[in-house]
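Got the model open in your viewer? Let's walk through it stop by stop, with something to select at each one.

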Amino acid sequence: MYVCVCNSVSDKAVRKAVANGARNFIELQQATGVGTCCGKCVGCAREVMLDAIEAE
Ligand code: FES
């Protein structure tokens, strides 16, 4: 599913960024561009990121 419609960032892309070392939202934004337009996806993207970090 798409987490960020503005930048076409999927939950898989968020999980991949975490697997590649993203550990906070700024690093996730730098890796994927998530949440850099309208910002509506930030809460959801953060949840997916934290879930992926916990799963590691
Ligand atoms: Fe992610 Fe708009 S949906 S910035």
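**Stop one: a residue out in the open**

Select glutamine 30: with a relative accessibility of 65%, this residue counts as exposed (buried is under 20% relative accessible area, exposed over 50%, partly exposed in between, using a 1.4 Å probe and protein chains only). Glutamine 30 sits in helix α2. Helices here are DSSP runs of H or I with at least four residues, strands are runs of E with at least two, and both are numbered from the N terminus.

Before moving on, a word on what you're looking at. This is a predicted model, in which local features need pLDDT of at least 70 and side-chain atom pairs count only at pLDDT 80 or more, while totals for chains, interfaces and linings use all residues. Residues are numbered from 1 along each chain as its sequence is written, and side-chain values use heavy atoms, with hydrogens and water left out.

Now add alanine 17 to your selection. Its C-alpha atom is 9.5 Å from that of glutamine 30, and the two residues are 13 apart along the chain.

**Stop two: helix α1 and its two faces**

Select residues 11–19, which make up helix α1. Which residues of α1 are buried? They are Asp11, Val14, Ala17 and Val18. Look down the axis of α1: the buried residues fall within an arc of 120°, so they line one face of the helix. The arc is taken from the directions running from the helix axis to the C-beta atoms.

Spin the helix to the face turned away from the buried side of α1, and you'll find the exposed residues Lys12, Lys16 and Ala19. Back on the buried side, the residues pack against β1 (2–4), β2 (9–10), α2 and α3 (42–55). Contact means heavy atoms within 4.5 Å.

**Stop three: α1 against α2**

Show α1 together with α2, residues 25–32. The two helices pack at about 115°, and their axes are 10 Å apart. Axes are lines fitted to C-alpha atoms, for helices over the stretch in contact, and angles run from 0 to 180 degrees between N-to-C directions. α1 and α2 are therefore roughly perpendicular to each other (angles under 35 degrees count as roughly parallel, over 145 as roughly antiparallel, 65 to 115 as roughly perpendicular and the rest as oblique).

To see where they touch, pick Ala13, Val14 and Ala17 on α1, and Leu28, Ala31 and Thr32 on α2. Those contact residues divide into five nonpolar, one polar and no charged. Here Ala, Val, Leu, Ile, Met, Phe, Trp, Tyr, Cys and Pro count as nonpolar, Asp, Glu, Lys and Arg as charged, and the others, Gly among them, as polar.

**Stop four: α1 against α3**

Swap α2 for α3. At what angle do the axes of α1 and α3 cross? They cross at roughly 45° and come within 9 Å. That makes α1 oblique to α3. On the α1 side of the contact, select Asp11, Val14, Arg15 and Val18; on the α3 side, select Ala45, Val48, Met49, Asp51, Ala52 and Ile53. This contact of α1 with α3 has seven nonpolar residues, no polar ones and three charged.

Slide along to alanine 55, also in helix α3. Alanine 55 counts as exposed, at 66% relative accessibility. From the C-alpha of alanine 55 to that of glutamine 30 is 21 Å, with their positions 25 residues apart along the chain.

**Stop five: the loops**

Head for the loop between α2 and α3, where you'll meet glycine 39 and lysine 40. Is glycine 39 buried, exposed or partly exposed? At 27% relative accessibility, glycine 39 counts as partly exposed. Lysine 40 is exposed, with a relative accessible area of 77%. Try a distance from there: lysine 40 and methionine 1 are 15 Å apart, C-alpha to C-alpha, and 39 residues apart in sequence.

Finish with two backbone angles. Just after α1, glycine 21 has a positive phi of about 120°. In the loop between β1 and β2, select serine 8. The phi of serine 8 is near 55°, a positive value in a residue other than glycine. Most residues other than glycine have a negative phi.
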